[in-house]
Amino acid sequence: MNRRSLLKTLGVLGVSHTLFPGLHAQLAFAEGDRERRDALVVVFQRGGADGLGLVAPYAEGGRYYDRRPTTAVPEPGRKNGGLDLDDRFALHPELAPLFDLYREGRLAVVHAAGSPDETRSHFDAQQYMEFGTPGVKSARSGWLGRHLALTARRSGSPFRAVGLGDVVADSLLGPVTPLALRSIAEFHLQGRDGEWPRMQAVLRRLYAGSGPLEPVARSVWSSLETLADLARSPGGEKAYPDDVLGRGLAQVARLIKAGVGLEVATVDSDGWDTHEEQGVQNGRFAANAAAFARALAAFWADLGDDARGVTVVVMSEFGRRVEENASAGTDHGHGGVMWLLGAGVRGGRVYGRWPGLAREQLADGDLAVTTDFRDVLGELVTMRLGNPEVAQVFPGYRPRPLGIFEEVQG
């Protein structure tokens with residue numbers, strides 16, 4: 001019995017799904033196990049995060065600083081200077097909460113990474129990366145959706161794939177329906193006042209007996225009870241920034257620590273489209289960088305011992321142009337930064353071939369992309385997700401591993 005059959009039967013029982021708009025996105029469950037397993041968390045920095053501001057190539061000297069008189073990160077050792085990574089690159093000072101994770105070997109950076117497609121459209125660039133098919137708009141499934149479909153027999157947990165936020169990320173689109181979850185505390189079947197008791201009665205009727213709907217109804221009811229228990233349990237939300245990323249990662253941490261069988265979660269980080277007054281110490285970019293670092297650091301600390309099986313990947317649709325604009329901001333560019341944190345990550349390094357910032361080394365005024373994002377994700381799929389069918393996850397492309405990940409054990 002599948003989701004469509006359940007919805008049809010609810011209609012036969014006199015419950016219109018139009019009264020419960022959350023039903024479509026939130027009750028696509030199948031009977032399955034509840035267990036602790038390795039988990040992947042994918043964070044997407046929406047808007048085009050400025051990789052040259054987050055991880056400054058200070059060794060480029062004037063090729064960097066002359067083009068960014070108000071937005072360049074000062075050299076390490078100077079006032080408000082960056083945090084030195086490897087004598088070439090420095091973290092933005094507001095990313096200090098991530099610096100210890102880098103030095104501990106848990107955090108890795110891939111610079112000059114991104115999509116080979118040169119579009120500067122947010123919509124197109126995000127879709128290409130989430131579908132894993134640069135330049136191809138005909139794709140109908142995301143790279144995570146294809147991975148989940150290829151490994152569907154591993155688990156039937158209703159919490160196998162979770163999209164945090166109001167809309168499920170395109171990367172999760174596919175035959176395995178993800179759970180759309182804005183907040184554990186707010187998770188319920190949405191309807192008008194007084195309708196929830198009626199829905200409870202319907203679910204109990206579906207649960208009763210030994211008919212074909214019993215497994216589906218049992219999973220629905222059990223999942224709702226699990227989320228209700230999680231909502232009542234104490235969490236570490238106070239340590240997270242109160243924004244989309246902070247709230248989303250707090251929910252992911254709860255699910256991981258509860259051992260409900262989470263394999264993949266997607267979370268957004270908003271506000272990276274910094275066309276005006278980007279700034280270094282002040283401004284929206286610095287505030288966003290600080291919140292981003294606080295959220296990731298809080299998430300890692302919140303997980304505690306459970307962090308041993310969690311891998312985080314962070315990406316953005318593109319970077320920003322090398323030269324700042326007349327509004328003291330940066331416009332849409334090309335090459336950017338990817339971040340890898342956690343289990344199996346050979347951290348404490350900046351990966352990728354650095355192309356340089358000399359005029360002849362740029363791609364139409366942008367940082368050139370020397371690492372295709374699929375090289376990073378393809379290695380992750382193979383080494384951390386244990387899926388050898390990477391050619392089906394990224395059709396038409398053969399990833400070239402960078403040696404970032406250790407192979408998952410067991």
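This talk describes selected strands, salt bridges, one glycine and the enclosed spaces of the structure shown above.

Good morning. Please keep in mind throughout that the model is predicted.

I begin with the strands. Three strands form an open sheet, arranged in the order 2-4-3, and their pairing is antiparallel. The edges of this sheet are strand 2, residues 55–56, and strand 3, residues 83–84, since each of them pairs on one side only. Strand 3 is joined to strand 4, residues 90–91, by 2 bridges, and these two strands run antiparallel. If you wish to find this pairing on the screen, look for L83, whose bridge partner in strand 4 is L91.

Let us turn to strand 6, which covers residues 161–164. In which sense does strand 6 pair with strand 8? The pairing is parallel, and it extends over 3 bridges. One of the residues to look for is G163, which has T266 of strand 8 as its bridge partner. Strand 6 is also joined by 3 bridges to strand 7, residues 179–181, and these two strands likewise run parallel. Here V162 has L179 of strand 7 as its bridge partner.

The side chains deserve a word as well. In a regular strand, side chains alternate between the two faces of the sheet. In strand 6, A161 and G163 point one way, while V162 and L164 point the other way. Are these four residues buried or exposed? All are buried.

My next topic is the salt bridges. The count for this model comes to 20 salt bridges. I shall discuss a few of them.

The pair D38 and R384 forms a salt bridge in which the closest N and O atoms are 3.9 Å apart. Which parts of the chain does this pair tie together? D38 lies in the loop between helix 2 (22–26) and strand 1 (39–45), and R384 lies in the loop between helix 12 (373–383) and helix 13 (390–393), so the salt bridge links parts that are 346 residues apart in sequence. As for accessibility, D38 counts as partly exposed, at 37%, whereas R384 is buried, with a relative accessible area of 10%. To be buried, a residue must have under 20% relative accessible area, and the 10% of R384 therefore qualifies.

R106 and E104 provide another example, with their side chains meeting in a salt bridge at 3.2 Å, N to O. R106 is partly exposed at 38% relative accessibility, and E104 is exposed at 52%. The cut-off for exposed is over 50%, so E104, at 52%, falls in that class.

D372 and R374 also meet in a salt bridge, at 2.8 Å, N to O. Both D372 and R374 are buried. Finally, R120, R321, D364 and D366 are joined into one network by salt bridges that share partners.

I come now to a single residue, G48. Where is G48 found? It sits in the loop between strand 1 and helix 3 (51–54). G48 counts as buried, because its relative accessibility is 0%. Its C-alpha lies 8.3 Å from that of T274, although the two residues are 226 residues apart in sequence. Apart from its neighbours within four places in sequence, G48 is in contact with H122, W272, S316, E317, F318 and R320.

The last part concerns spaces in the model. There are 4 cavities of 30 Å³ or more. The largest cavity has a volume of about 90 Å³. Its lining consists of 14 residues, and R46, E130, A169, T266 and D268 lie nearest its centre. Strand 1, helix 6 (122–131) and strand 8 (264–269) each supply at least two residues of this lining. Which of the elements gives the most to the lining? Strand 8 does, with 3 residues. By class, the lining of the largest cavity has 9 nonpolar, 2 polar and 3 charged residues.

The second largest pocket holds about 360 Å³ of space. It is lined by 16 residues, with L164, G165, D166, V244 and D268 nearest its centre. Helix 10 (244–258) and strand 8 each supply at least two residues of the lining, and helix 10 contributes the largest share, 3 residues. The lining of this pocket has 6 nonpolar, 2 polar and 8 charged residues.

To close, I would draw attention to D268, which is among the residues nearest the centre of the largest cavity and also among those nearest the centre of the second largest pocket. Thank you for your attention.

Notes:
Residues numbered from 1 in each chain as written. Predicted model: local features only at pLDDT ≥ 70, side-chain atom pairs only at ≥ 80, totals over all residues. Heavy atoms only, no water. Salt bridge = Lys/Arg side-chain N within 4 Å of Asp/Glu carboxyl O. Buried < 20%, exposed > 50% of the residue type's maximum accessible area, 1.4 Å probe, protein only. 1 Å grid on protein atoms, 1.4 Å probe; cavity = no way out; pocket = protein on both sides within 12 Å on 5 of 7 lines; lining within 4 Å. Points joined across faces, edges and corners; volume = space filled by probe spheres on them. Nonpolar A, V, L, I, M, F, W, Y, C, P; charged D, E, K, R; others polar. Pairing = 2+ DSSP bridges. Contact = heavy atoms within 4.5 Å.
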